Amino acid sequence: MTIKRFFLAAFCMLAVSLVNAQTATIKGFVYAAENGEPVPFASVFLKGTTFASFTDINGYYSMVKIPPGKYRVMATTLGYDTAFADVDLVADEMENRKLVMKKKNVELKQVEVSAERQTKKTEVKIAVESVTPQEIKSLPSLGAEGDLVQYMQVVPGVVSSGDQGGQLYIRGGTPVQNKVLLDGMVIYNPFHSIGLFSVFDTDILKNTDVYTAGFGAQYGGRISSVMDITTRDGNKKRIGGKVSAGTFLSKVLLEGPIKKAKDENDGTASFILSVKNSYLDQTSKSIYKYASDDGLPYSFNDIYGKVVVNSASGSKVSFFGFNFQDKVNYSKVAKYDWSSSGGGMNFVLVPGASKVLLRGNLAFSSYKIKLTEAEEKPRSSLVNGFNMGFNWLYFLNNDEINYGIEVQGFKTDFEYFNYAKRQINQTENTTEIGIFFRYKKIINKLIIDPSVRLQYYASISEFSPEPRLGIKYNLSDNIRLKAAGGLYAQNLIAANSDRDVVNFFYGFLSAPDDLPSEFDGKSVKKKLQLARHAVVGVEYDISKHFDINIEGYIKDFNQLTNINRDKVYDDTANNFDKPDSVKKSFIIEKGFTQGVDVVLKYEYRRMYAWLVYSLGFSTRNTGNYEYAPHFDRRHNINIIGSYKLGKKLDWEVDARWNFGSGFPVTLNQGFYPYLNFQDGLATDYTQNNGEMGVLYGPLNESRLPTYHRLDISIKKIFYLARHSELEVVASVVNVYNRKNVFYVDRIRHNVVNQLPIMPSLGASLTF
């Protein structure tokens, strides 16, 4: 009897294994017919079955464990007709099928919304905003061009500190705590000094994922947020491009095939090149004379180029390079300039008989910055280095397994003088190695996305284990609950203090050695900056075209490194009796941020409307006292509207209104003659009056006035030929000329305002 049961069990196991073996796999890429670009985030499914998948950023899809038989594989996404192909799947074999999608003559918004909502049911998608060029262009365009930085300012939880020299603070994190990747390459400064433009050309972008908190272990080295930017491959069918000119800048974009495909089994090669040049410092002298006597002294130029080689199977390798330049010259006050350059390659490999997608990158980038001020010693900073990585991605229908390794090495060279004329400098070489594992699993209505990152900082011999988790539960077709969190660490710090309100100089340092030995009564054991994130949220589809997303978050920055503005002594043996707070080049702080973001979206046919409300609280703790950092904006509101008119949808009106409560500010309590005794005992204090010293009130206990601004643009498109159109844009920044405070000159009591009313006109020709 026992033997019979054994053979029966063995037979059943064999039968089950044979049944499981009798399945097939289908994979491939989805491309756009008009230019050969991959189509990301398309829905791919087998008609009449429950087998479905979504394409990734490279247009890749995969479906596994499919019973053998004849099927019709179909792909749908916004703005395209459905693509389909008939396949005959054979057991134990893998079918590689490419799908090509043609653009629709008329876009139906109801199809777009349903596709987006289907993605929400299969992805955690918490604290992340996926931005496309079409969405960027739905905001008011300044001159002839929309820009990513303008869109970033309306992302939930993002605070901009100003139109001139301003930075973006994402859910309580400072700019140095935001990781920016361009095709996998680290970019150290993505925004120009005038806060209207980034270094990226909107027309070369494919997609931008902005993770504002709780991001997965595939990203490391930053403790606040990630901006992952992917550019297009370039037109594989024909030579094309765009030429534009406006009040602020001009641009030339060129793209096309280097090698066209002869048939479906042939590979391709393509290129894309973008050049932007600003001349605001010249035009503003005549157009915006009221801005200042010297106009607006900002200028920049950006160059980005890319070459992509594709195989017939969908594997590809890309080579890219960039050069970004930025200059500011306030006559008799300060001169500031930075440059950023670099290049690299990335690849996507699709092994023929494997279900895995192998991706990798290797890049080098450099960033130099220098600030020269009247009667002040110059400050300078350099950071350059490489980053490389490999990761393997398995698509198991809606499930994913992703693991990889990342290596980064960089050099920092920094020289700085604080207000007490004490020098702070550092030259450091740093290496970081990280490995990660991530597994996304869908179990009925539950989506779980656990991951872990193990990061080793070789130059300081510190190891950082960083577990993370994302989770979503579909309560119904219309309501979804979600949460995410994890541990985060980083080595890079900013070469300026979080207490500085206006600071064009934004250099970088690696983890310094010159730290206090204790903080808040406890021994300092790590040199890293550390943080813990927790985010919870709910999504509710009120109707087919109207939805709401609410997220609450906490960021506990349990160790921060800040430059010591109060250093007055050198850290030498002669000053052993002086406290660390006045002799160390850097200090340790803690930070805490909490808030709630509410997003309402309406999208249907000609109309797009978006309302974002953010409530946030940020604090910093020195161990002796607590203060609000200068970017602590309590309330932030953005209202965006876009409407298309005309039978051909050739007119468009876009508007954005932003309101922000006042930033913290430290008031003056008085003045005194400051004498620094730079000649020691030989200083003749009876003849030397010194400089004007300021007695400060409590740190950041007061608030500036509220900020609000309205921007509007009107666009008209002239269709000239099949691939050619002319777009004319008229726009106005700060329509009602609100005098928003930029900063206050403490000595002269002069108020310097943000940008005044700025009308502009631009045109672009696409061919």
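**A mixed sheet, two nonpolar cores and a buried serine**

Five strands of this predicted model make up an open sheet with mixed pairing, arranged in the order S9-S14-S15-S12-S13.

Biologist: Which strands stand at the edges of this sheet?

Modeller: A strand at an edge has a single partner strand, so one of its sides is left without a neighbour in the sheet. That holds for S9, spanning 128-131, and for the strand at 185-186, so the edges are S9 and S13.

Biologist: How many bridges join strand S14 to strand S15?

Modeller: Strand S14 covers residues 205-211 and strand S15 covers residues 225-231, and the two run antiparallel. Within this pairing, Thr208 of the one strand stands opposite Ile229 in S15. The number of bridges joining S14 to S15 is six.

Biologist: Which residues touch the most other members of the largest nonpolar core?

Modeller: The largest nonpolar core holds 86 residues, while a second, separate core of 22 residues includes Val30, Ala32, Leu46 and Phe51. Leaving aside residues up to four places away in sequence, Met152 touches Val158, Leu168, Ile170, Val210 and Met227. The residues that touch the most other members of the largest core are Met152 and Phe248.

Biologist: Is Ser340, in strand S21, buried or exposed?

Modeller: Not counting residues up to four places away in sequence, Ser340 touches Phe322, Asn323, Phe324, Ser366 and Tyr367. A polar atom of the Ser340 side chain lies 3.3 Å from the backbone oxygen of Ser366. The relative accessibility of Ser340 is 2%, and since the cut-off for burial is under 20%, Ser340 counts as buried.

Conventions
Residues are numbered from 1 along each chain as its sequence is written. This is a predicted model: local features need pLDDT of at least 70, side-chain atom pairs count only at pLDDT 80 or more; totals for chains, interfaces and linings use all residues. Side-chain values use heavy atoms; hydrogens and water are left out. Two strands pair if DSSP finds at least two bridges between them. Helices (H or I, at least four residues) and strands (E, at least two) are DSSP runs, numbered from the N terminus. A nonpolar core is a set of buried Ala, Val, Leu, Ile, Met, Phe, Trp, Tyr and Cys residues joined through side-chain atoms within 4.5 Å. Buried means under 20% relative accessible area, exposed over 50%, partly exposed in between (1.4 Å probe, protein chains only). Contact means heavy atoms within 4.5 Å. A polar contact is a pair of N or O atoms within 3.5 Å; within protein, one must be able to donate a hydrogen and the other to accept it, and residues adjacent in sequence count only if both atoms are side-chain atoms.
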